Amino acid sequence: MHFAALYLCALPLSAFVSAAPAHSSEPVTSSTTLSSVPAVSETSSAAEATATVAFASTDPNLPLWSLDSGSPAPVRESLGAPILGPSNFPLEQENPDLLAPPTTDAGSVNNAKWPFSLSHNRLQTGGWARQENIGVLPIATSMASVNMRLEAGAIRELHWHKTSEWAYVLSGSTQVSSVDTNGKNFLATVGPGDLWFFPPGIPHSLQATNESAGGSEFLLIFDDGAFSEDSTFLLTDWLSHVPYEVLLKNFQASGDAFAHIPAKELYIFPGPVPDPNAVAPTSPQGQVTNSYSFAFSKVNATKTPGGSVKIVDSTTFTEATTIAAAEVTVEPGAIRELHWHPTMDEWSFFLEGQGRVTIFASQGNARTFNYQAGDIGFVPTAMGHYVENTGNTTLKYLEIFNTDKYQDISLNQWLALTPPELVKAHLQLSDETISSLSKTKQVVVG
């Protein structure tokens with residue numbers, strides 16, 4: 001016991017001694033002592049720092065190939081080796097930073113990419129629907145999504161959900177209708193880049209107009225990662241499971257008034273093309289107080305040094321109390337700056353172009369994912385990340401959050417507004433670099 005106690009007490013001192021420089025018979029000079037640490041600016045008031053770990057590498061870690069050039073191989077400089085067995089070339093071409101990851105990647109981060117192309121598609125007369133939820137992307141616990149297509153006139157039947165429904169129109173126009181708990185109704189035609197939102201339990205319908213020959217296509221977001229489109233409450237499904245005499249009693253009808261209701265759900269089905277300028281039936285209770293649609297396409301984007309951004313949340317789209325979003329463009333060579341979201345997960349959808357995201361999950365864990373148009377990304381709450389345009393065309397994507405207010409923290413702004421001595425002590429930055437930090441959010445830099 002006495003020996004063990006002495007050994008434990010000696011550990012800190014021995015560790016310190018082992019970390020000290022080896023003895024040399026040559027005289028120690030200031031240049032010898034500071035050769036492994038960067039010089040501190042003469043104007044700095046921060047104490048000189050002693051490097052306790054090696055400095056981070058300055059070697060480039062670019063993607064090693066792209067969609068249209070280069071050959072995939074799990075090799076980065078001296079690391080890795082070519083594949084000898086079978087491989088899926090198209091997937092490897094799309095994911096260079098998974099097959100040959102940057103040397104800055106480390107540890108483990110759960111998969112944060114799901115292409116809608118891999119989702120099972122439900123085909124109906126008049127359209128289709130495919131979904132993403134925790135069944136295919138387990139990391140995305142806070143939100144799920146559906147990509148839906150309706151031909152002109154086709155109807156997504158009258159229905160409601162346990163969750164809220166937020167939508168972004170990808171193409172064409174969709175007429176949406178609803179009635180709230182007070183009997184107030186709503187009808188609107190929602191065009192490309194515009195939004196609609198229905199609170200949990202509020203019944204609604206969706207129908208494509210013929211303002212474009214193809215009808216419409218849209219993205220639906222639900223504020224629960226376990227949501228399934230197959231668990232929707234559908235009008236026809238319900239009525240087909242109510243005894244016929246109960247239907248007659250409920251609606252004060254008789255005879256064969258309800259003799260031709262469908263025997264099972266319709267889900268998506270053809271219908272007459274609606275008038276895009278139609279108005280809701282007159283309700284004695286009036287129309288809903290706050291609109292269920294929002295003309296996001298008419299919001300002016302804020303231009304940035306490397307692209308643009310526009311934000312929508314409950315401060316502008318009053319009814320949308322559970323979903324906030326940003327539409328971001330990143331020009332070639334630019335990045336959505338290093339940042340994080342303090343209290344909410346980020347669900348992303350890539351609309352145009354290609355890019356990559358490195359997710360920092362703390363404790364030395366980081367992983368890089370590549371994205372193309374039609375892909376879904378996910379970053380859990382508070383995890384640091386960026387979005388880099390790795391292509392030759394504009395990258396456009398949506399950041400979507402399960403919250404009423406959009407929030408983010410810019411790494412650049414945080415450092416710029418922190419006492420300089422603290423920043424220098426951490427990162428050994430020069431006064432010139434410190435002074436170049438931005439005290440306002442750049443959002444997209446390039």
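A salt bridge here is a side-chain nitrogen of Lys or Arg within 4 Å of a carboxyl oxygen of Asp or Glu. By that criterion, a search of the whole structure finds 12 salt bridges.

The model is predicted: local features need pLDDT of at least 70, side-chain atom pairs count only at pLDDT 80 or more, and totals for chains, interfaces and linings use all residues. Residues are numbered from 1 along each chain as its sequence is written, and side-chain values use heavy atoms, with hydrogens and water left out.

**Overall build**

The protein chain has nine helices and 28 strands. These are DSSP runs numbered from the N terminus: helices are H or I with at least four residues, strands are E with at least two. Of the 446 residues, 43% are buried. Buried means under 20% relative accessible area, exposed over 50%, and partly exposed in between (1.4 Å probe, protein chains only). The accessible surface comes to about 23,500 Å², and 58% of it belongs to carbon and sulfur atoms. Areas come from the Shrake-Rupley method with a 1.4 Å probe; for residues, only the protein chains shown count as cover. Among contacts (heavy atoms within 4.5 Å) between residues at least 6 apart in sequence, 75% join residues at least 24 apart.

**Salt bridges**

| Acid | Base | N to O distance |
|---|---|---|
| Glu-327 | Lys-310 | 3.7 Å |
| Glu-388 | Arg-356 | 2.8 Å |
| Asp-431 | Lys-424 | 2.2 Å |

Glu-388 lies in strand S25 (residues 384-389) and Arg-356 in strand S22 (residues 354-360), so their bridge ties together parts that are 32 residues apart in sequence. Both partners are covered. Glu-388 counts as buried because its relative accessibility is 18%. Arg-356 is buried too, at 7%. Salt bridges that share partners join Arg-76, Asp-97, Arg-356 and Glu-388 into one network.

In the pair of Glu-327 and Lys-310, the residues are 17 apart and sit in strands S19 (residues 324-330) and S18 (residues 307-312), respectively. Glu-327 is buried at 11% relative accessible area. Lys-310 is buried at 9%. Lys-424 is buried as well, at 9% relative accessibility.

**Annotated site**

An unreviewed UniProt entry lists His-159, His-161, Glu-165 and His-204 under "binding site". They spread over 46 residues of sequence but cluster in space, with a largest C-alpha distance of 11.3 Å. UniProt positions follow the numbering used here, feature names are shortened, and annotations may be inferred rather than shown by experiment.

His-159 sits in strand S7 (residues 155-160). His-159 is buried, because its relative accessibility is 2%. Beyond four places in sequence, its contacts include Glu-165, His-204 and Phe-233. A polar atom of its side chain lies 2.6 Å from the backbone oxygen of Glu-157.

His-204 belongs to strand S12 (residues 204-208). His-204 is also buried, at 2%. Beyond four places in sequence, its contacts include His-159, His-161 and Glu-165. The side chains of His-204 and Glu-165 make a polar contact of 3.0 Å. That term means N or O atoms within 3.5 Å; within protein, one must be able to donate a hydrogen and the other to accept it, and residues adjacent in sequence count only if both atoms are side-chain atoms.

**Strand S24**

In strand S24 (residues 375-379), five of its five residues are buried. Asp-375, Gly-377 and Val-379 point one way, Ile-376 and Phe-378 the other. Strands pair if DSSP finds at least two bridges between them. S3 (residues 113-115) runs antiparallel to S24 through three bridges, and Lys-113 stands opposite Gly-377. S21 (residues 346-352) is joined to S24 by four bridges, also antiparallel. There, Ser-348 stands opposite Gly-377.
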